[in-house]
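This report describes the architecture of a single protein chain, moving from its helices and sheet to its cores and charged pairs. The sequence and the model are shown below.

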Amino acid sequence: MNEELRRAAAHVIVDDVELPVLAESARHHLTRVLRLRGGETVSVTDGEGAWRLCMLEGETLEPTDDVQHAERSRRVTLGVAIPKQDRPEWLVQKATELGVDRLVFLHADRSVVRWSPERADRHLLKLRTIAREAAMQSRRVWVPRVDGPQTSADFLPTSAVAEPGGRAVEAGDSSIAVGPEGGWTPKEVDLAQSVVDLGEHVLRVETAALAAAVLMRRH
């Protein structure tokens, strides 16, 4: 991470880094929640790699340097069978903090949780908001994509799957799919590019997804 981003008092997403304007929610967060004062440094990003430093003046931002464009490292994708209850929200937050670039929620053959089109729209809207908030907290200048639901049959041919007995995660792995609590069916495993092992213990869906993210980002 750029040291200037790390040292900024706060990091916010704006529509245009050339003329940064605080949304009402960001203004409230900076001035009411964080209680920042005039003269403090705030970094801004458009979530697509462009960012710059600004000075907080009252409730507005004054740019203090030129716009910078971050180079994007190797992109990492997680495919995840939809977990139960509020676990997708926690997963999106932590995957964003770990540097995942895309998170795709899946309907697998043994999925217990499935989203109807109406529910999917509501869930994705909330999860994308969580991804933006987590990107600001973790000083990311690229906001991850959150997509789905996609069928395992559509997703797996372009991804490895996590399954006991597979090979170790390698440097070339940039997409790993984690199945539901009941596991992948043999047919689904056959669809995948390869099979990777995440360790000797039985993991919850969201824990396995984060383990996959860490192993991919490590290389």
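## Basis of the helix geometry

Helix axes are taken here as lines fitted to C-alpha atoms over the stretch in contact, and angles run from 0 to 180 degrees between N-to-C directions. On that basis, the axes of α3 and α4 approach within 8 Å and cross at roughly 35 degrees. The crossing of α3 past α4 is right-handed.

The residues that make up this helix pair can be listed on both sides. From α3, Pro88, Glu89, Val92, Gln93, Thr96 and Glu97 take part, and they meet Lys126, Leu127, Ile130, Ala131, Ala134, Ala135 and Gln137 of α4.

## Overall organisation

The model is predicted. Its protein chain contains 7 helices and 11 strands, and the C-alpha trace spans about 60 × 35 × 25 Å along its principal axes.

Of the 219 residues in the protein chain, 47% count as buried. Among contacts with a separation of 6 or more, 70% come from residues that lie 24 or more positions apart.

## The parallel sheet

An open sheet is formed by 6 strands in the order β8-β7-β6-β10-β9-β11, with parallel pairing. The edges are occupied by β8 and β11 (194–196), each of which has a single partner strand, so one side of each is left without a neighbour in the sheet. On average, neighbouring strands are turned by 40 degrees against each other, direction ignored.

Within the sheet, β6 and β7 run parallel and are joined by 5 bridges. Leu78 stands opposite Leu103 in β7.

## Helices on the sheet

Helix α3 packs on the sheet, where it touches β6, β7 and β8, and its direction makes about 155 degrees with that of β7. Helix α4 lies across β7 and β8 and runs at about 150 degrees to β8. Strands β7 and β8 are thus touched by α3 and also lie under the path of α4 across them.

## Nonpolar cores

In soluble globular proteins, nonpolar side chains tend to be buried together. The largest nonpolar core in this model has 32 residues, of which Leu78, Val92, Leu103, Phe105, Trp115 and Ile176 touch the most other members. Two or more residues are given to this core by each of β6 (77–81), α3, β7 (102–107), α4, β9 (160–167), β10 (175–178) and α7. The greatest contribution is that of α7, with 8 residues.

The surroundings of Leu78 illustrate how this core is assembled. Not counting residues up to four places away in sequence, Leu78 touches Ala95, Val100, Arg102, Leu103, Val104, Phe155, Ile176, Ala209, Ala212, Ala213 and Met216. A second, separate core has 15 residues, including Val12, Val14, Leu36 and Leu61.

## Salt bridges

The structure holds 16 salt bridges. In one of them, Arg87 pairs with Glu206, with the closest N and O atoms 3.5 Å apart. This pair links distant parts of the chain, since Arg87 belongs to helix α3 (residues 87–97) and Glu206 to helix α7 (residues 205–218), 119 residues apart. Arg87 and Glu206 are both buried.

A further salt bridge joins the side chains of Lys126 and Glu89 at 3.1 Å, N to O. Lys126 lies in helix α4 (residues 117–137) and Glu89 in helix α3, so the bridge ties together parts that are 37 residues apart in sequence. Lys126 is partly exposed, its relative accessible area being 45%, and Glu89 also counts as partly exposed at 27% relative accessibility. Both residues also appear in the set of contacts between α3 and α4.

Asp147 forms a salt bridge with Arg128, the closest N and O atoms being 3.6 Å apart. Because Asp147 lies in strand β8 (residues 145–151) and Arg128 in helix α4, this pair ties together parts that are 19 residues apart in sequence. The relative accessible area of Asp147 is 14%, and Asp147 is buried, whereas Arg128 is partly exposed at 38%. Elsewhere, Glu24, Arg27, Arg32 and Glu59 are linked in a network of salt bridges.

Note on methods: Residues numbered from 1 in each chain as written. Predicted model: local features only at pLDDT ≥ 70, side-chain atom pairs only at ≥ 80, totals over all residues. Heavy atoms only, no water. Salt bridge = Lys/Arg side-chain N within 4 Å of Asp/Glu carboxyl O. Helix = DSSP H or I, 4+ residues; strand = E, 2+ residues; numbered from the N terminus. Buried < 20%, exposed > 50% of the residue type's maximum accessible area, 1.4 Å probe, protein only. Core = buried A, V, L, I, M, F, W, Y, C linked by side-chain atoms within 4.5 Å. Contact = heavy atoms within 4.5 Å. Pairing = 2+ DSSP bridges. Left-handed = near helix turned anticlockwise from the far one by under 90°.
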